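Subject: Structure handover, salt bridges

Hello,

Please find the structure below, with notes on its charged side-chain pairs after it.

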Amino acid sequence: MGDDARETSVDVIQRELTAFARRARSAAARLHPDLPLVSYTLLAHIHDRLGCSATDLAAHYLLDKSTVSRQLAGLERLGLVERRTEPDDHRVQVLHPTDEGRRVLAATQASRLAAYEERLRDWSAEDLARFAAYLVRYNTAVTSDPPDTPR
């Protein structure tokens, strides 16, 4: 592939990923108006990890601690996340989803999955597997300075 074709492809990828991110934010707002996409992502991560610290979240998503702190404050105000003292080290607070947080997360995940299923229903299993592999490959090639860090 020549340099021009490569540049064009990268340009299309950038444009389409930007459109994807905008649609994802819009869909998240419709599913739960009080739960922005970044907050949803943090809540899902806390749930999947069976608890974690704010510092872990900031490091994992390459976000400023202040951004994580604001998002967590919103999740706490909504009653979706609670802080618990780590039994082995009382200086460390671990975030956990509340019962309501788990309920909202499950409902939101079900709605999102249904939307993806609908959008991808005509794709072959081979196309889905290839697309999934490309997304995993792209997302594991993380740099220390991602182009569009959500704030």
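Which residue forms a salt bridge with Arg121? The partner is Asp122, and the closest N and O atoms of this pair are 3.9 Å apart. That falls inside the cut-off, because a salt bridge is counted when the nitrogen lies within 4 Å of the carboxyl oxygen. Arg121 and Asp122 are both exposed. Glu118 belongs here too: salt bridges with shared partners join Glu118, Arg121 and Asp122 into one network.

Please keep in mind that the model is predicted, and that the distances and accessibilities in this message are computed from it.

Two other pairs are worth listing.

- Arg83 and Glu76: their side chains meet in a salt bridge, at 2.9 Å from N to O. Arg83 has 36% relative accessibility and counts as partly exposed. Glu76, at 29%, is also partly exposed.
- Arg91 and Asp89: the closest N and O atoms of this salt bridge are 3.0 Å apart. Arg91 is exposed, with a relative accessible area of 75%. Its partner Asp89 has 22% relative accessibility. Asp89 therefore counts as partly exposed, because buried would require a value under 20%.

As general background, side chains of opposite charge can pair when their charged atoms come close.

The count for the model comes to 9 salt bridges. Among them are Arg83 with Glu76, Arg91 with Asp89 and Arg121 with Asp122.

Regards

Conventions: Residues are numbered from 1 along each chain as its sequence is written. This is a predicted model: local features need pLDDT of at least 70, side-chain atom pairs count only at pLDDT 80 or more; totals for chains, interfaces and linings use all residues. Side-chain values use heavy atoms; hydrogens and water are left out. Buried means under 20% relative accessible area, exposed over 50%, partly exposed in between (1.4 Å probe, protein chains only).
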